[in-house]
Each structure stands twice: as C-alpha cells, then as structure tokens.
Amino acid sequence: MKLLAISLSASLLGAVAAAKPSEDIVRERLLGAAFLDNQSYDLLEKMTNLYGGRITGSESNEKSMQLLERALDENGIANHRELFTFPGWERREDSATLLHPLKRELRSIAMGYVDQHPTFAAELIYLGKGTPEEIPQNSQGKIGLLAANVKLSQDSIQAFATDNGIKGLLLTNRKNGGQLLARTANYSGDASPIPIYSVTEEEGHWLKRLVESGENPRIQLSTSSIVKDIECANLVATIPGKTSKKIVIGAHFDSWDLGQGALDNGLGIAQAFDIARLIHEINPDNHYTIEIVWFNAEEFGLFGSYAYMEQHQDDEIVAMINLDMVGNPIGANAMGFDSLLPALETFSKDLNGFALPKDVANAPWLGSDHMPFINQGIPSITLNAPIKAESVAYYHDFGDTFEKVDKEVLSKSVGILSLLAYQLANDPSLDRPRLTEQQTIELLKKAKLDEKMKTAKIWPFEEN
Ligand SMILES: [Zn+2]
C-alpha cells in the first residue's frame, strides 16, 4: 500500500520519485560512511595544527570557527552565527615566583577570572584542603597553598579572602608530570576576589615541604590577565525537517588555551560536523528539524548554551544531545528524563552490531551545555563514552593535543551518534511538552543537584 501511495503521488506531481530508502538501509549507510568517509579526523587535525587551543575571544577561536564554516559550506550545509556578549576573561602575562629561600619562577597559570592587580609578595602558608581547622591562626595578608583536588566554590574563595584575609591562593594540581589545570574560578563571570594560580603537583609538594621545614617561603604574584566583556558566536547548522520542532545536537566549540583542546572538546566539534554531514548526505528528510550547535564560552561557565537558550526561548525543542568529550560510546544517559528511556533503550540494544554494553543510565550531572536545556525542562541526553585514561589525564592542560585522538574510536562514535540522531529525529514519542518548572525542580532535587547548584550560584529558580 505504501509503495502504491508513493508512486501515485509521484505520478500526480509528474516527477520521478526515488523510493525512500528503508530505515535499515539508512542505518547501514550512516554506519558505513562513518568509517569509510570520515572527514572529522582531518578537520580536527587541521584545526588543532593551525590554530591550537580555542579559548573564547582569541584569534584561534575565530579562525577555527571560520575553518568549520568553510567545511560546512563546502558540504552545502546551511549554517549561521548567533552572536552574544558575555562577561569573559583574557589571559595575559602572569607569574607566580618563589622569592625565598631561592628565586625561581614557578610553572603556574592564573585561573579564569583572576583579574589584574598590583604585583605583591607575601609569606606562603599551607592550607591543606582548606577546611577551617586547617587554616593557620595568622593567615592575614599571606598566600595560601592548597592540596590537590580541593573543590573551590565561589563562596569558599570569598571566605579565604574576607574571613581569613588571605591575599592569594596556589592550587596544587591533581596529576603529576608538570601538568597544570586551566579552569575557571567561578561560573558567574565575576572577577575572583583574590588571585588563584594552578601550580604543578611537583612544585606544590616542594612548596609544602618548604613551609613545613620552617623556611618561611615567600611568593610573588603578578597578574595582568583581565576580566572583560567578550563578543563571540555560537555556530548553528540546520537540516530542516517536516516540522520546525527540533532536535538540538550540541558540542562546545571553545577550549582552554594551554594545549589544542583536541579531546576537550575537539572531539565534539568533529563528531558534530560528521553527524551533520552524514545525515545531510544520506537522509536529509527527517521528521524533526535537526539543529547542530557549536557553543562558545562553555569553559568560562556555559555562556554560549545559556545565550542560545535565551535566543531560542520559544522554540519547540523535543530533545537535546550534548557531546562533550565523547570517546568510545558504551551507554546513553537520559539525564533524569524518564520520557527518554524507551527511545534510548531501543536505541542501545539495536545498533547494527554495535549494541551499547552498559544499560541506559538516568542520572543527570552538572557542568556542561546540557544544563541550560535541562533547566528549561527539555529532555537532554549525554553519552557514557570513556576516553583512554592516559589520554584524558591531559584534560585542560598543555597535553590535550591531536595525537591523543584515536581515529577508529572517532569513526565509531560518529557512526553510533549519527544513528542516535537519525532515530531521535524520526521518533514521534518525543513530541511532548517540556517539563514544567516544578517538574524540573523535582528532577534536579531527586538527583541531589539542587544544593550543588545553589553553592555554585547557578540555581535558576526562585524556589529554594
Ligand atoms: Zn568540555
């Protein structure tokens, strides 16, 4: 009956209609092309080689985006920029120098939102994990050294500065090998009340020994980095569907500046590009519109995805897939949206030989571009997709470089993600209203994320 209807309408239109390929054929073609016609690997190699890390507001970020735009244009994929301005930060010449008992510039970097200040020197004290009991009595005017893996909330930084009068902080890195950890000091875009520097694990241990030996080490901090408004853009590619209701596939475009942002999140940039390309080429006619969005300024505090959500407040988004450091997919996460479970369970079992070994998770987590969507009650999906431990160790550091990217894993992930995008883009069960604000609050509370969000000052609801 279906065939008859197609040929009838085709002859009525006077056109020769090619029979729509069956779902199985589409799936086979998507998977095959992900391996045999991979272009994401070359794109990422070129981007990282030529431009390095893509910290938002930098020339590297702009040139990398132009490269991606050209690649989309060459493939005939409609794309446009959506501009926004956010309270950003620019790294300049900064230094943390040991002055006594010997003079030596430390291998260190200022954390994001550390604002320029007059150079000063002070005695170094050891603060352990920074709990009130560990802070020495006379900490006024001194620089504090923190152990590795201390969770610095905006409130705790404020408390170091105001309650204890500590003038600056050195944060010991969690990994050895001379690595540093670039990250933001807060998620609100405010200047940090005191300078905070990441130091290597080795120098952190050394400084601790100096404090403990009674040498009274002195440190000088000099910061010219500045907090300033930055104008930048999200890049949006569109594959129109039968309806304007849409699936958003998001990947943050920016990275930190130290390395090349090859894994974080060059992987997501590259995957999103090949997903867009393969679906555009193999099955451009889907039920929902597919919007692929490369968000900027994620590392500074998800500013791009918040800006997108603000600009698209009234769009009917039926689902969002967030690709942030997706390696080898072994499971999908419905992020607390029970309505997604049937679709994801079908998907992960039935994958043309690539069934995902882990059950579908349903546990939301914070800290990437799905958050603005979840806050609006939009069903969001992330992947359980590990990257090799020895590669992911370099996250946010100098060592996040292209040779860590595994082409085989990239191809496989593109295949699986393209199938997911294709399935969701044609799944009528997703067409339902967003969660209400109350339901969204319940989802976040059930996952015990409400307290964490309040501490980080990112709880968007009136209710406490
Ligand atoms: Zn990331």
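Domain bounds here come from an automatic or database domain assignment. The model itself is predicted, and the legends below walk through it view by view.

**View 1. Two domains share one chain.** The assignment splits the chain into domain 1, made of 21-88 plus 230-455, and domain 2, which covers 93-224. Measure it out by C-alpha atoms and the centres of domain 1 and domain 2 sit 35 Å apart.

**View 2. Domain 1 meets domain 2 at an interface of about 1300 Å² of buried area.** Of that area, 59% is on carbon and sulfur atoms. On the domain 1 side, the residues that lose the most area to domain 2 are Trp 256, Ala 393 and Thr 455, and together they make up 29% of what that side buries. Counting residues in contact gives 16 from domain 1 and 18 from domain 2.

**View 3. Polar contacts turn up between the domains, but salt bridges don't.** The rule picks out 3 residue pairs in polar contact across the interface of domain 1 and domain 2, while the salt-bridge count between these domains is 0. As for which element gives the most to the domain 1 side touching domain 2, that's strand 1, with 3 residues.

**View 4. Seven strands line up in an open sheet.** The strand order in this open sheet of 7 reads 1-10-12-11-13-15-14, and the pairing is mixed. Strand 1 (79-90) and strand 14 (331-333) are the edges, each pairing on one side only. On average, neighbouring strands of the sheet are turned by 25 degrees against each other, direction ignored.

**View 5. Strand 1 runs antiparallel to strand 10.** These two strands pair over 12 bridges, with strand 10 spanning residues 226-239. Look for Thr 85: opposite it, in strand 10, stands Glu 231.

**View 6. Helices 7 and 12 pack against strands.** Helix 7 (residues 262-282) lies across strand 10, strand 11 (243-252) and strand 12 (288-295), and runs at about 150 degrees to strand 11. Helix 12 (residues 407-424) packs on the sheet, where it touches strands 11, 12, 13 (317-322) and 15 (380-384). The direction of helix 12 makes about 155 degrees with that of strand 15.

**View 7. Glu 59 and Lys 63 form a salt bridge.** Side chains of opposite charge can pair when their charged atoms come close. Here the N to O distance between Glu 59 and Lys 63 is 2.9 Å. Both residues belong to helix 4 (residues 59-74), 4 residues apart, or about one turn of the helix. Searching the whole structure turns up 18 salt bridges.

Technical notes
Residues are numbered from 1 along each chain as its sequence is written. This is a predicted model: local features need pLDDT of at least 70, side-chain atom pairs count only at pLDDT 80 or more; totals for chains, interfaces and linings use all residues. Side-chain values use heavy atoms; hydrogens and water are left out. Two strands pair if DSSP finds at least two bridges between them. Axes are lines fitted to C-alpha atoms, for helices over the stretch in contact, and angles run from 0 to 180 degrees between N-to-C directions. Contact means heavy atoms within 4.5 Å. Buried area is the accessible area (1.4 Å probe) that two parts lose on being put together, summed over both. A salt bridge is a side-chain nitrogen of Lys or Arg within 4 Å of a carboxyl oxygen of Asp or Glu. A polar contact is a pair of N or O atoms within 3.5 Å; within protein, one must be able to donate a hydrogen and the other to accept it, and residues adjacent in sequence count only if both atoms are side-chain atoms.
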